[in-house]
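Good morning, everyone, and thank you for making the time. I would like to walk slowly through one protein model with you, so please have a look at it while I talk.

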Amino acid sequence: TRSSDALIRFLKNDYTPKFAYLRAMSEGYLYGVDSLEKALTQVTVAYSKSDVFVPAKAMLDAIKKQKNKFNANDTLSDPKNLPSTTYGVNENAPHYVLVVLSNTKELNALKEALSDFNTKYFSTSKYELIDVPKGDKSFINIRTFKNKDEAMDYYNFLSATPEVFKSVDKKEYQIFAITVDNIAALLKTLDVEEYKAFFNAKYIGIKQ
């Protein structure tokens, strides 16, 4: 609570990264490893040039190693483990981050929140927002990321910033990283659950 209050009261100064790091550690102590991982991810992206980056990144690496999220033998590199044949793995291909919104009434509010998020944290990247309506859903593309790693850094940071989605019920949106080729396939089939299974297996490392 004190760290959050300091971040609001003092805005940006030399101590801001330290307050953010203390808040992340506190959230981990209160709410567990998953909360710690999300909070530390936000710290490493927002304060990559500060002296808290090294300990935050080291702890993130330890968490990921313990969880064994990115085992190349059974997640990203073995085509036989694909949950479907619709999508392909290409880590070095250009990527989008995709927000699938099922409640289109909140579309404008969410696009505005995403735009503000990009301006606040990624102003130099100049990411583009493209909305593609399909049936009863809207596919919001944030583009373009040069590869999987860059897209996943953004995905993790966005996932750890719930205030962006404060106007939308949790059940009404999903976030993915996706290659340009795969998004073409998804927009053709509109089978979000199929791509979710692929994304969970190949990007997150969750077994089906």
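Let me begin with a question: what kind of contact do the side chains of arginine 9 and aspartate 5 meet in? They meet in a salt bridge, with a distance of 2.9 Å from N to O, and I should say at once that this value, like every other one today, comes from a predicted model. Both residues belong to helix H1, which covers residues 2-10, and they sit four residues apart, about one turn of the helix. Arginine 9 has 57% relative accessibility and so counts as exposed, while aspartate 5, at 36%, counts as partly exposed.

Before we go on to the other pairs, let us step back to the whole chain. The chain contains eight helices and four strands, and if you follow the elements from the N terminus on, you read α-α-α-α-β-α-β-β-α-β-α-α. Of the 208 residues in the chain, 41% are buried. If we take the contacts between residues at least 6 apart in sequence, 65% of them join residues that are at least 24 apart.

Now back to the salt bridges, of which the structure holds six. One of them joins the side chains of glutamate 128 and arginine 143, at 3.1 Å from N to O. This pair links distant parts of the chain, since glutamate 128 is in strand S2 (residues 128-134) and arginine 143 is in strand S3 (residues 137-145), 15 residues apart. Glutamate 128 is partly exposed, with a relative accessible area of 38%, and arginine 143 is partly exposed as well, with a relative accessible area of 25%. Another salt bridge is formed by lysine 148 with aspartate 149, where the closest N and O atoms are 3.4 Å apart. Why does lysine 148 count as buried? Its relative accessibility is 8%, and the cut-off for a buried residue is under 20%. Aspartate 149, by contrast, has a relative accessible area of 48% and is partly exposed.

Lysine 148 also leads us to a pair of helices. Which residues of H6 meet H8? They are Lys148, Met152 and Tyr155, and on the side of H8 they meet Phe199, Tyr203 and Ile204. Sorted by class, this contact has five nonpolar residues, no polar ones and one charged residue. The axes of H6 (residues 148-159) and H8 (residues 192-204) come within 12 Å and cross at roughly 105°, and the two helices are therefore roughly perpendicular to each other.

Helix H3, residues 33-46, allows a small check that you can do on paper. Its 14 residues, at 1.5 Å a residue, should span 20 Å, and the end C-alpha atoms are 20 Å apart, which agrees. Its buried residues are Leu36, Glu37, Ala39, Leu40, Thr41, Gln42, Val43 and Thr44. Thr44 is also in contact with phenylalanine 53, as are Tyr47 and Ser48, once we leave aside neighbours within four places in sequence. Phenylalanine 53 lies in helix H4, residues 53-67, and at 25% relative accessibility it counts as partly exposed.

Let us return to strand S3, where we find serine 138. Is serine 138 buried or exposed? At 1% relative accessibility, it counts as buried. Not counting residues up to four places away in sequence, serine 138 touches Val99, Val100, Leu101, Thr104, Leu107, Asp131, Val132 and Pro133.

I will finish with the backbone, and for this you need one piece of background. Most residues other than glycine have a negative phi, and most peptide bonds are trans. In this model, however, arginine 143 and threonine 144 are joined by a cis peptide bond, with omega at about 0°, and threonine 144 is in strand S3. Lysine 126 is not a glycine, and yet it has a positive phi of about 55°; you will find lysine 126 in the loop between helix H5 and S2, where it is exposed, with a relative accessible area of 69%. Leucine 190 also has a positive phi, near 60°, and its place is in the loop between helix H7 and H8. At 36% relative accessibility, leucine 190 counts as partly exposed.

Notes: Residues numbered from 1 in each chain as written. Predicted model: local features only at pLDDT ≥ 70, side-chain atom pairs only at ≥ 80, totals over all residues. Heavy atoms only, no water. Axes fitted to C-alpha atoms, helices over the stretch in contact; angles between N-to-C directions. Parallel < 35°, antiparallel > 145°, perpendicular 65-115°, else oblique. Contact = heavy atoms within 4.5 Å. Nonpolar A, V, L, I, M, F, W, Y, C, P; charged D, E, K, R; others polar. Expected span 1.5 Å × (residues − 1). Buried < 20%, exposed > 50% of the residue type's maximum accessible area, 1.4 Å probe, protein only. Salt bridge = Lys/Arg side-chain N within 4 Å of Asp/Glu carboxyl O.
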